[in-house]
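Student: Could we take a close look at one single part of this structure, the place where the two domains meet? I would love a walk through it, step by step.

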Amino acid sequence: MPPMNNWSPDSIAAQALGWVDEQTRAITPPIHVSSTYLRDPDNQYRSGRVYARADNPAFDQAEAVITALEGAQETLLFASGMAAATAVFQALQPGDHVLAPQVMYWSLRNWLMSHATRWGLDVQLIDMASPAAVQAALRPGKTRLVWIETPANPLWTVTDIAATAELAHAAGALLAVDSTVATPLLTQPLALGADLVMHAATKYLNGHSDLIAGSLSTGAPRSEAASAHWQQVRKVRAQIGGTLGSFEAWLLLRGLRTLHLRVRAACASAQRVAEHFDGHPLVAEVLYPGLPRFPGHAIAQRQMKGGFGGMLSLRVKGGVNGGVNGGEAAAIAVAAHTQLWKRATSLGGTESLIEHRASVEGAGTPAPPDLLRLSVGIEHVDDLIADLEAALQRAHA
Ligand SMILES: *Cc1c(COP(=O)(O)O)cnc(C)c1O
């Protein structure tokens with residue numbers, strides 16, 4: 001059933017586009033688990049389905065919902081955010097030059113600097129928040145792809161999507177955006193000029209911390225190169241097999257139905273948490289695009305609609321009288337003392353998470369040692385503030 005193109009994102013999400021199973025009239029789709037599909041007697045595959053590593057009817061509705069929310073032409077689901085992101089790079093050629101941000105999702109940065117580089121990609125990490133740095137690094141005719149993440153882990157650095165798209169396109173490069181933190185509710189990168197949008201669907205799109213998944217969406221290809229690249233991405237998924245499971249696709253569709261409610265709640269609470277701890281005597285700095293003095297605030301205000309996301313970071317001051325010497329020990333002590341905030345990695349679930357990010361990222365991380373990354377869930381904001389306040393006081397007691 002085609003999407004109603006006058007539906008708002010809330011209605012698209014709530015009804016998962018309103019699809020009804022034609023055979024059974026079921027409002028919730030069945031879970032398709034077949035790994036293979038019947039061939040026609042004359043040796044053809046008129047259904048278009050052959051084998052579930054390449055394609056799966058279990059993906060159709062979730063892919064269509066993400067396509068509608070992103071204003072995209074097409075979406076592909078992947079087995080993880082990393083499978084989706086790495087497919088974008090694996091669809092390039094050895095020797096191609098790509099630009100990526102210095103501040104970005106840590107595992108992808110590691111992969112780019114190890115496997116991708118060994119395989120022959122010429123990866124250059126730059127300050128993506130600076131258009132002058134992007135302009136200077138682009139090599140017209142050589143640079144095939146610019147990868148950005150906004151807001152970017154774990155400092156929430158904001159990149160101007162429209163300005164970067166213009167620079168990338170002028171040099172003949174594609175622009176891909178990791179929009180995991182912004183979600184399609186707040187930002188639609190394709191409308192701002194991006195060629196590809198990637199989500200760790202593990203995070204907000206699913207929203208319940210109970211599966212690993214990824215997605216890539218494309219707009220109408222702007223060039224032959226963009227179209228060829230997308231076909232290659234599809235091939236990478238089918239050949240390498242970074243394919244989502246049927247049950248995960250079904251769960252993802254269920255999670256998507258409440259995306260708008262969850263994201264709105266997380267944004268509102270994150271803003272309150274950020275404002276509460278901004279200028280707090282035990283907090284050195286709050287990093288959140290929704291704070292007016294945050295460096296990327298003006299750009300975030302332009303390209304994020306309805307909120308600045310559910311992710312923020314606190315830099316904790318060192319203790320004075322306790323055993324807590326520097327900000328690092330204090331930050332780890334704060335995370336040790338929270339009850340409601342769960343000490344765990346990941347983000348975008350209904351439960352709030354707290355994490356000492358430098359411990360996760362290790363050597364070379366741009367995360368300062370006193371930084372705690374917070375993923376704001378959908379609990380009552382007063383409970384979240386009180387719990388963090390109590391943990392800060394105990395860490396400094
Ligand atoms: C989690 C995450 C990824 C990777 O997604 P996985 O599903 O864990 O593979 C990529 N980018 C961002 C911003 C993420 O938060």
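Tutor: Happy to! Let's start with the size of that meeting place: about 3000 Å² is buried between domain 1 and domain 2, and carbon and sulfur atoms give 62% of this area. On the domain 1 side, the residues that lose the most area to domain 2 are W106, L186 and Y204, which together make up 26% of what that side buries. Keep in mind as we go that this is a predicted model.

Now step back to see which parts of the chain are involved. Domain 1 covers 9-256, and domain 2 covers 259-395. The contact draws on 37 residues from domain 1 and 42 residues from domain 2. Taken over C-alpha atoms, the centres of the two domains are 27 Å apart.

Carbon and sulfur are not the whole story, so to speak, and polar atoms deserve a look as well. Between domain 1 and domain 2 there are 16 residue pairs in polar contact, counting pairs with both residues at pLDDT 80 or more. The count of salt bridges between the domains is two. If you would like a salt bridge to find on your screen, try D160 and R302: their closest N and O atoms are 3.3 Å apart.

Which elements of domain 1 give two or more residues to the side that touches domain 2? They are α1 (9-14), α4 (106-119), α7 (183-186) and α9 (246-256). Among these, α7 provides the largest share, with four residues. Sorting the residues on this side of domain 1 by type gives 20 nonpolar, 13 polar and four charged.

While you have domain 1 in view, find the ligand too. There are 15 residues around the ligand, and those that come nearest are G81, M82, D178, T202 and K203. Three of these residues are worth zooming in on:

- M82 has a polar backbone atom 2.8 Å from an oxygen atom of the ligand.
- D178 has a side-chain N or O atom 2.7 Å from a nitrogen atom of the ligand.
- T202 has a side-chain N or O atom 2.6 Å from an oxygen atom of the ligand.

One last stop is the loop between β4 (143-149) and α6 (161-170), where you will find P151. A cis peptide bond joins T150 to P151, with omega about -15 degrees. P154 is found in the loop between β4 and α6 as well, and a cis peptide bond joins N153 to P154. These bonds catch the eye because most peptide bonds are trans.

Methods:
Residues numbered from 1 in each chain as written. Predicted model: local features only at pLDDT ≥ 70, side-chain atom pairs only at ≥ 80, totals over all residues. Heavy atoms only, no water. Domains from an automatic or database assignment. Contact = heavy atoms within 4.5 Å. Buried area = accessible area lost by both parts, 1.4 Å probe. Salt bridge = Lys/Arg side-chain N within 4 Å of Asp/Glu carboxyl O. Polar contact = N/O pair within 3.5 Å; in protein donor to acceptor, adjacent residues only side chain to side chain. Nonpolar A, V, L, I, M, F, W, Y, C, P; charged D, E, K, R; others polar. Near = heavy atom within 4 Å.
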